[in-house]
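Work through these exercises with the structure open. Try each task before reading its solution.

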Amino acid sequence: MKQRVLFLGPPGAGKGTQAQLLAGSRQLLHLSTGDLLRAEVAAGSALGQEAAAVMARGELVSDALVLAIVRSRLEQQAASGGGGWLLDGFPRNVPQAEALESLLEELGQQIELVVLMELDDAVLLQRLLGRGREDDNQEVIRHRLEVYRDQTAPLIRFYGDRGLLQPVDASGEVESVSQRIDALLG
Ligand code: B4P
């Protein structure tokens, strides 16, 4: 069974929804940089204050900040005996992906699968408007989609070249998408 997995895909593809389900059923550590950043914002920490305005504009928070969060969680897990993990929403650009490679090399770990969740823009927009989070208004969503195309989509090639990428149709019921992803983990 593959147990070191990344979830890649545009905003609203359902990365968070599916990662949570899969992490629960396979007992993997679920690391969502989006959730971790929102928790910092809610706590009013210095880190959260730095992230809040950037997130509200639909842009990417600084690599250094996000990397520090991921590093501390993965190191913590490795120190407490290791185990599988599921990274949701990270990496989001090539520098983050390169930094993750170095970190995993330090930890003696490897990515086993990258799930690419694919969905039409019209459905993404519909789902995000339905969710109604603070950064889910038309204008910000459009900007997040542009940021995805410019900065995150190059990771499709990055992981494709490494033979790790598996595209998944992210349309339809949550349960159907979940079954498609589950089959990829073996
Ligand atoms: P994220 O928290 O990662 O959120 P997302 O990409 O918008 O959504 P996701 O794809 O997880 O969709 P979800 O399951 O919630 O990012 C938010 C912000 O955080 C970024 O814009 C950025 O500023 C910052 N950030 C995060 N990581 C970063 C990083 N590494 N570097 C820099 N900045 C970073 O699903 C969306 C909606 O669809 C939900 O309402 C859900 O219920 C619904 N849904 C899901 N599956 C469905 C289905 N099959 N059918 C119908 N509805 C469905």
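**Exercise 1. The ligand shell**

How many residues surround the ligand, and which are the closest?

*Solution.* The model is predicted. Start by collecting residues with a heavy atom within 4 Å of the ligand. That search returns 28 residues. The closest are Thr-17, Thr-33, Glu-59, Arg-131 and Arg-144. Next, sort the shell by class. It holds 10 nonpolar, nine polar and nine charged residues.

**Exercise 2. Elements around the ligand**

Find the pocket that the ligand takes up, then name the elements that give two or more residues to its shell.

*Solution.* First, the pocket. The space taken by the ligand is the largest pocket. Now map the shell onto the elements. Those giving two or more residues are α1 (15–26), α2 (33–43) and α6 (121–131). Then ask which of them gives the most. That is α2, with four residues.

**Exercise 3. Contacts with ligand oxygens**

Describe how Gly-12, Gly-14 and Arg-38 approach the ligand, then say how much of the ligand is covered.

*Solution.* Take the backbone first. A backbone N or O atom of Gly-12 lies 3.3 Å from a ligand oxygen. For Gly-14, a backbone N or O atom is likewise 3.3 Å from an oxygen atom of the ligand. Then take the side chain. A polar side-chain atom of Arg-38 lies 2.8 Å from a ligand oxygen. Each distance falls within the 3.5 Å cut-off for a polar contact. Finally, the cover. On its own the ligand has 1,000 Å² of accessible area, and the protein covers 86% of that.

**Exercise 4. A salt bridge across the chain**

Locate the partners of the salt bridge between Glu-101 and Arg-162.

*Solution.* Side chains of opposite charge can pair when their charged atoms come close. Here the closest N and O atoms of Glu-101 and Arg-162 are 2.7 Å apart. Glu-101 sits in helix α5 (residues 94–107). Arg-162 is in the loop between α8 (154–161) and β5 (165–169). The two are 61 residues apart, so the pair links distant parts of the chain. The total count is 12 salt bridges.

**Exercise 5. Backbone exceptions**

Is the peptide bond from Phe-90 to Pro-91 cis or trans?

*Solution.* Most peptide bonds are trans. The bond from Phe-90 to Pro-91 is cis, with omega near 0°. Pro-91 lies in the loop between β3 (85–88) and α5.

Key:
Residues numbered from 1 in each chain as written. Predicted model: local features only at pLDDT ≥ 70, side-chain atom pairs only at ≥ 80, totals over all residues. Heavy atoms only, no water. Polar contact = N/O pair within 3.5 Å; in protein donor to acceptor, adjacent residues only side chain to side chain. Areas by Shrake-Rupley, 256 points an atom, 1.4 Å probe, with all protein chains shown as cover. 1 Å grid on protein atoms, 1.4 Å probe; cavity = no way out; pocket = protein on both sides within 12 Å on 5 of 7 lines; lining within 4 Å. Sits in = over half its atoms within 2 Å of the grid points. Nonpolar A, V, L, I, M, F, W, Y, C, P; charged D, E, K, R; others polar. Salt bridge = Lys/Arg side-chain N within 4 Å of Asp/Glu carboxyl O.
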